[in-house]
Each structure stands twice: as C-alpha cells, then as structure tokens.
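Hello,

Here is the structure I promised to pass on to you. Have a look at it first, and then read my notes below.

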Amino acid sequence: MDFILEEWTKQFQKDQELTALNDAEAFEAFAGYCVLSAYHEDDFNPDQFRMGGGDDLGIDVAAVVVNGDLLRDADEVRDAVGKAKQLDVRFVIIQAKRSEKFETKVFTDLADNLVQVFSRGWMTYKRSQDVANLRACVDAVYKDVSKFKKGLPKLSIHYVSTGRPGDGLLEEKRIAAAKRLRELDIFEDVDVVAVGASQLRELYKKASEAVGASFTMPKKLPLPKIPGVEQAFLGVLPARKLVERILTDPNGGIRKVLFYENVRDFQGYNSVNAEIRRTLQDPDRRGRFAVLNNGITIVARELTTAGEEVHIRDFQIVNGCQTCHVLFDQRESLSDGVHVNVRLIQSNDEDVIGGIIAATNRQTAVTEDDLAARESFHKKLEDFFAAQPESRRLYYERRSRQYSGEASVERTRVITRPQLTKAYAAMILNEPAGTGRYARLKSKHEKMLFQPNHDPLVYYTAAAAFYRLEWLFRNKRAFWGYRAARHHLLAALKVRLVGTGSLPPGAGGKNVCDKILQVVWHPLESEHHFAQLLSVVVTAQVEEEKERAGVQLSDLVRTERFAERVRRGALELAS
C-alpha cells in the first residue's frame, strides 16, 4: 500500500475514533470520506456511509445526494424527495481495496450487482440490510419521476485502490460497466472511475480544506475600521463570476454549504423570487439588477486582497440565499451586464458574526421564528457542552463547520443541531419513530425544542447517549447493520434506566440525567446496556417479520408499533 496513504489512513482512523476497524475496513471509511467529500463540502460522519458486513454485493460505501444533501437512510431520502418541488439526485457507489493492483473483474462484478439494485424487479441476489436500505433509497428517488425537471439522477461509481489505473483491460472493463448501467435508461449520466493513489491523495487534500474561493472584484470600496471586523468592503460583482467562482461546487451544483448561516433555506419561486427571475429574464431590466436587488452579504474568516484579486476562505453567505439560488438557476441566461451588490466582511468574532446575520435578515421579511438559529439558548448549549470535564466533553455545532479548523477537537465529539434534535426527540420526547423526517420533527415540536427555560443538561444527556451509541456502531461488530434503529435504542436506554415518563426539560431533571450519564460515560457498562437493548430490537424485528414477510428494518423503525415493541422489551429488561 502507498506509504503516505497508509499513514493518512491511520491518522484518519484515530481522528474518527475508528480504532476497532481492521486495515481494510479503515481504508474503506477513508476512501469513502475522500470521494464523498467531492460531492458534499459540509462535514459528515464517514463511517455512516460504509456498508460493512457480508452480502454487500461489492459495495463498500454508498450515498445519495439529493438537492445537495448527503443522505444514507431511506427515510431521509423519502423526506428529502417528499418536500422537494424538483430533484437533482446523484447516487455514489464506492468499492475500495488496499491492494496496489487494480482487478479488472471488479468493474464487471460491480455493474452486474448494481443492475440488481437499480432494476425495478425483485432482487434475486442475497443482500445485506445495508443493501436493502440502498434499494429502498432508489425506490424513494424514483417514486415521483415528475420531479426530474432538470434531468434524471446521475450515477457515479468509484473503484478505489492504492495503485495506478493504467491497465488497458481495466479501461475496457470500465467502459463496458458504464455502458451496461446506461442501458437501464434511468440515469442522466453514468460515470465509472478508477481512483488510484495519486488521485486519492488529491481528494483527501481537498476534503481537508475549508471552503475557499478566488475572484476579481475591481469595483470595491473599503469601509472604515469597525470593532470586531478585520476588514470590510462594499462592491459589485458580475453575476456570472459570482455563480462560477463562488456559488458552483466542483461537480456543477450549488454549494449548499455556503448557506447554513442564512436563517432561511431557498423558498422556491414564491412571489419575491419569481420577481427576481422575471427581472433576470427581461432584457430591459436585467441591466438594472444591481439597483433593484439588495445583493448578498459574505462573512469570511480569512480574506486576502492583491489589487483587484480577492481570496476568501472559510466563508458563508449569511444574507442573499434567495438571490443566489435564483441567479444559479438562471445562470444560462445571465448577460455581461448583470451585476450583484456584495458586502464582504472578514471577522472571527462570533458575536459580531451573529449580529451581522440577525441585522441583515431583519431587514427582510423574516419572522422571529426564522431567527431561532441565533437565539441565545444555542450559545448556552455550546458553552455548556464545552465546559464539561475533558473525558466527557462534547462540542455543540451552532454554525456549520465551526470546528473544522481546530485540530484539538475530535470530529466524533461534535454534535450537530439535526443530530441533537433527533436524539432529544427520541429520548426526551419519547418519539423514536418520528425522527427520520427532520423538517417535520422541527415543525411538530417547535414549542418543545430549544426553549430559553430548558435545562442544557437534558440536551447534553441526549447528546452524550448519541455519542456513545455512535461509538458502538463504529467499533463493535455486533451493532453493525442496526444504525437505522439508533433512535429506538436511545429511547430504550432511557426507558430501561429511568422508566417511560418524560424527562422534565427544565430544572428538576438532574438526578435522572446523572443516572443516564453515569452509564453512558462508562464504556463497559454502556456497551452492556446497549447490547441487551439491541437484542430487544432484533426480537422486535423478528416479530414484525413474522407478520409482514420481507419488511426491512429501515421501514420498521418509522412505525409506532415497532417503537412500542422495543419500549415493552426495554421495560421487561428493567423489571
């Protein structure tokens, strides 16, 4: 194996707390991280996309990119497809081998197996739970083909090895594999790639870097010294340059990672956005775009200028999400005369950044609920998590990638808002069956989540249980293949330790939380409890399969009946 990649894989394994994986499994996770990062610039758990176990049909890593979101679970895909008005989808399949020799049969075998996965008929090959979940993802994507207004889904297949893909026969097999999958006639494009050592090195370098962009900005005005701001400019950019140099990711999609600090996602073509589109499509009005539109605000943690050249790194578009999405959607019709107003601000002061976001968004029709992402309770959670003793310390990620540049922070100890929301709903609100659909979960429990009078300890307890369970998924083989039931396991742990009653979200739940935390932070004791609860999940799955033959775990976990069976099993263990 390439010695540089070997060392990088070992360090990656340590950073991601994947020490229980053998060399081949660790390389699969590493290769998956490198390749998937080319399609998704935000942070993600690389081991979550690794298949693991037998009967995986040669698929080591699999993911579905739906409108820029990197997904793995069928329920997540159903949710994304259901709420989308139009779909841009890419399936990413990876097989990874540490060998320095590329095997020509890999492409042939993988194509044969993927025909089974993507064909509409019943799968005849023996398959793992992970492969069944992938097939459920495929079914969810193609459920409503009317949403493929911009083209059918794309399929990208990567065969990763540590050698050099120079074999002539390998190239023939690669081309033949792509041809066979194109003949299914369900893909806009099929891309089959052999990734060797040098290509993998480049992918890892890019994956390890914060988001950056370089562009020319000839018309910019520096602002006077501002407290908490290193430098700031007002200026205009040609709309084409904004789209090409800043908004477009390496695969031609919009860089959704840039908008996580913006309090609203793209709202589609509502009345305001439809008017922006009409302006861009009108030959007489598009030249006045800069005076008809408020423009965008970019906050960067690094900003350097050299004459007209500007380079920014680790940046977010904190205001102008709607404008950017319409410009990107209308990029083919942009003329040279279309310009965009830009506020460019460099700051590393989180309070200043938060103030900029709140102020710029309050100038538009954003409700106070939309500004919840910046309310003080989230800052309180961040401080509470970080203030725990080192062995019990977790990091609550208020803003996307805020810890990406801090080498001292273990990535596996970073808890995102979606992760915390789902863990809290499962454990504290007793709703493990409803955690798959994040948007629906937030809407349903809006008044029960992240309220100013809530005790951060309760959220920390849910986060700590989530962290420990994810550690078991990564490092204990008995848990592999059951990640779809993770929220049921969290709910079951609470039931077993403290009963079925709801934990008080405010002050008063300390004794209950301490009891759960005592187990969670004891590695052997937590593994013992979760292992017994896993047997409860398996029993519930078997019982369901007796009544509904062929039902998959990824479907079962969405039902309240399955949740009730797991809940009863956890109570029996506690008695």
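**The five-stranded sheet**

Strands β3 and β4 run parallel to each other and are joined by seven bridges. Please keep in mind as you read that this is a predicted model. Within that pairing, Phe 91 has Leu 155 in β4 as its bridge partner.

On its other side, β3 (residues 89–96) pairs with β1, this time in the antiparallel sense and over six bridges. Two pairs are handy for finding your way there: Val 65 stands opposite Arg 90 in β3, and Ala 62 has Ile 93 in β3 as its bridge partner.

How many of the residues of β3 are buried? Eight of its eight residues are, which leaves the strand mostly covered. Val 89, Phe 91, Ile 93 and Gln 95 point one way from β3, while Arg 90, Val 92, Ile 94 and Ala 96 point the other way. Both sets are buried, and that includes Arg 90 and Gln 95.

The whole sheet has five strands in the order β2-β1-β3-β4-β5; it is open, and its pairing is mixed. The edge positions belong to β2 and β5 (189–195), each with a single partner strand, so one side of each has no neighbour in the sheet. From one strand to the next, the twist averages 20 degrees.

Two helices lie across this sheet. Helix α4 (residues 105–118) crosses β3, β4 and β5 and runs at about 145 degrees to β4. Helix α6 (residues 168–182) lies across β4 and β5, at about 155 degrees to β5.

**A histidine in β4**

His 158 may catch your eye; it sits in strand β4 (residues 154–160). Is its position buried or exposed? His 158 counts as buried because its relative accessibility is 8%, and the cut-off for buried is under 20%. Its side chain makes a polar contact of 2.8 Å with the side chain of Tyr 39. Leaving aside residues up to four places away in sequence, His 158 touches Val 35, Tyr 39, Val 92, Ile 93, Ile 94, Gln 95, Val 193 and Val 195. Among these, Val 92, Ile 94 and Gln 95 are also in the list of buried β3 residues above.

**Two residues with positive phi**

Most residues other than glycine have a negative phi, so a positive value is worth a look. Leu 57 has a positive phi of about 60 degrees. This residue is in the loop between α2 (23–37) and β1 (61–66), and it is buried, with a relative accessibility of 11%.

Asn 67 also has a positive phi, near 50 degrees. It belongs to the loop between β1 and β2 (69–71). Asn 67 is partly exposed, at a relative accessible area of 25%.

**The six-stranded sheet**

There is also an open sheet of six strands, in the order β6-β10-β9-β11-β8-β7, again with mixed pairing. Here β6 (212–216) and β7 (219–222) are the edge strands; each has a single partner strand, so one side of each is left without a neighbour in the sheet. The twist in this sheet averages 35 degrees from one strand to the next.

Strand β8 (residues 231–238) and strand β11 (residues 339–346) run antiparallel and are joined by eight bridges. Leu 237 stands opposite Val 340 in β11, and Ala 232 is opposite Ile 345 in that strand. β8 also runs antiparallel to β7, with four bridges between them, and Leu 221 stands opposite Leu 234 in β8.

**Helix α8 and its partner**

α8 lies across β6, β8, β9 (296–306), β10 (309–319) and β11, and runs at about 115 degrees to β8. Helix α8 (residues 239–247) also packs against helix α11 (residues 321–329), at an angle of about 100 degrees and with the axes 10 Å apart. That angle makes the two helices α8 and α11 roughly perpendicular.

Which residues of α8 and α11 meet? From α8 come Ala 239, Leu 242, Val 243 and Leu 247, and from α11 come Cys 324, Leu 327 and Phe 328. By class, this contact has seven nonpolar residues, with no polar and no charged ones.

Happy browsing, and best wishes!

How values were computed
Residues are numbered from 1 along each chain as its sequence is written. This is a predicted model: local features need pLDDT of at least 70, side-chain atom pairs count only at pLDDT 80 or more; totals for chains, interfaces and linings use all residues. Side-chain values use heavy atoms; hydrogens and water are left out. Buried means under 20% relative accessible area, exposed over 50%, partly exposed in between (1.4 Å probe, protein chains only). Axes are lines fitted to C-alpha atoms, for helices over the stretch in contact, and angles run from 0 to 180 degrees between N-to-C directions. Angles under 35 degrees count as roughly parallel, over 145 as roughly antiparallel, 65 to 115 as roughly perpendicular and the rest as oblique. Contact means heavy atoms within 4.5 Å. Ala, Val, Leu, Ile, Met, Phe, Trp, Tyr, Cys and Pro count as nonpolar, Asp, Glu, Lys and Arg as charged, and the others, Gly among them, as polar. A polar contact is a pair of N or O atoms within 3.5 Å; within protein, one must be able to donate a hydrogen and the other to accept it, and residues adjacent in sequence count only if both atoms are side-chain atoms. Two strands pair if DSSP finds at least two bridges between them.
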